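Trainee: Could you walk me through this structure, one question at a time? I would like to see how the pieces fit together.

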Amino acid sequence: MRGLVEGLGALTVFILWLEVLGASVDLARTAAFTVIVVDELLEAHGTRSLYRTIIALGPLKNLYLVAATLVGFGLQLAVVYLPPMQEAFHTEGVGLREWLAVAVMGSIRLLVVEGLKVSPWRLRP
C-alpha cells in the first residue's frame, strides 16, 4: 500500500507538470523522481519505530540515519543540478514551484504513517 501511495504521488506530479503546466518531459521526470527520493529519505525516519513518532524518538538521535539522509539528499541535488549528472540522468534543474510540490508529495506517506501512530486505530506494543 505504501508503494502505491508513493507511485501515485510521483505520477501525479509527472502528469501535472507535463500536461497541465506544459513543462518539458525532463522537468516532469525530474520532479517525479525527486518526489520518490524525498519520500524514501523521509520514510526511513518514519519507520524507526512502529509505535513511537519521530518527535517522541527524537529526530536527531540516530546520527547515522541523519548523515545518510543528508548524503542521499546531496546526491539528489547533484543529479538535479550538476550538468554531467543532468546529461546522464536526463534531468533539469528545478525551481521553487517544483520543490514545493516535492515537499508536499514527498511527505504525504510519512505524515500518514506518523498520523496512524497517534490515532485510536494504531498498533499497540
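Mentor: Happy to! Keep in mind that this is a predicted model. Let's begin with the core and one of its residues, leaving aside neighbours within four places in sequence: Val-13 is in contact with Ala-31, Ala-32, Val-35 and Met-105.

Trainee: Good start. How many helices and strands does the secondary structure come to?

Mentor: From the N terminus on, the elements run α-α-α-α-α-α. The C-alpha atoms fill a box of roughly 50 × 30 × 20 Å along the principal axes. The count comes to six helices and zero strands.

Trainee: What percentage of the residues count as buried?

Mentor: A residue is called buried when its relative accessible area is under 20%. The protein chain has 125 residues, and the share that falls in this class is 37%.

Trainee: Back to the core, then. Which helix gives the most to the largest nonpolar core?

Mentor: That core has 14 residues, and those with the most contacts inside it are Val-13, Trp-17, Leu-27 and Val-35. At least two of its residues come from each of helix H1 (2-20), helix H2 (25-46) and helix H6 (96-118). With six residues, the helix that gives the most is H2.

Trainee: How are H1 and H6 oriented to each other, roughly parallel or roughly antiparallel?

Mentor: Their axes are 9 Å apart and the packing angle is about 160°. Angles over 145 degrees count as roughly antiparallel. H1 and H6 are therefore roughly antiparallel.

Trainee: By class, how many nonpolar, polar and charged residues are in the contact of H1 with H6?

Mentor: H1 passes H6 in a right-handed crossing. On the H1 side the contact includes Val-5, Val-13 and Trp-17, and on the H6 side it includes Ala-101, Met-105 and Ile-108. Charged residues take part too, among them Arg-2 and Glu-6 in H1 and Arg-97, Glu-98 and Arg-109 in H6. By class, the contact has six nonpolar, three polar and five charged residues.

Trainee: And H2 with H6: roughly parallel or roughly antiparallel?

Mentor: H2 and H6 pack with their axes 8 Å apart, at an angle of about 30°. Angles under 35 degrees count as roughly parallel, so the description for H2 and H6 is roughly parallel.

Trainee: How many nonpolar, polar and charged residues does the contact of H2 with H6 have?

Mentor: The crossing of H2 past H6 is right-handed. H2 brings residues including Leu-27, Ala-31, Val-35, Val-38 and Leu-42, while H6 brings residues including Trp-99, Val-102, Met-105, Leu-110 and Val-113. By class, this contact has 10 nonpolar, four polar and seven charged residues.

Trainee: Ser-107 caught my eye. Is Ser-107 buried or exposed?

Mentor: Ser-107 lies in helix H6. Not counting residues up to four places away in sequence, Ser-107 touches Leu-42 and Val-102. Its relative accessibility is 16%, and the cut-off is under 20%, so Ser-107 counts as buried.

Trainee: What about Ala-78, buried or exposed?

Mentor: Ala-78 lies in helix H4 (residues 63-81). From Gly-106, Ala-78 is 28 residues away in sequence and 18 Å away in space, C-alpha to C-alpha. With a relative accessible area of 16%, Ala-78 is buried.

Trainee: Now the backbone. Which residue has a positive phi although it is not a glycine?

Mentor: Look in the loop between helix H5 (83-89) and H6. The residue there is partly exposed, with a relative accessible area of 47%. Its phi is about 55°, and the residue is His-90.

Trainee: What separates the C-alpha atoms of His-90 and Asp-26?

Mentor: Not counting residues up to four places away in sequence, His-90 touches Asp-26, Arg-29, Thr-30 and Met-85. Along the chain, His-90 and Asp-26 are 64 residues apart. Their C-alpha atoms are separated by 5.9 Å.

Trainee: One last question: for contacts with a separation of 6 or more, what percentage is between residues 24 or more positions apart?

Mentor: The pair His-90 and Asp-26, which touch, is 64 residues apart along the chain. For the protein chain, the share of such contacts at 24 or more positions is 63%.

Terms used. Residues numbered from 1 in each chain as written. Predicted model: local features only at pLDDT ≥ 70, side-chain atom pairs only at ≥ 80, totals over all residues. Heavy atoms only, no water. Core = buried A, V, L, I, M, F, W, Y, C linked by side-chain atoms within 4.5 Å. Buried < 20%, exposed > 50% of the residue type's maximum accessible area, 1.4 Å probe, protein only. Helix = DSSP H or I, 4+ residues; strand = E, 2+ residues; numbered from the N terminus. Contact = heavy atoms within 4.5 Å. Axes fitted to C-alpha atoms, helices over the stretch in contact; angles between N-to-C directions. Parallel < 35°, antiparallel > 145°, perpendicular 65-115°, else oblique. Left-handed = near helix turned anticlockwise from the far one by under 90°. Nonpolar A, V, L, I, M, F, W, Y, C, P; charged D, E, K, R; others polar.
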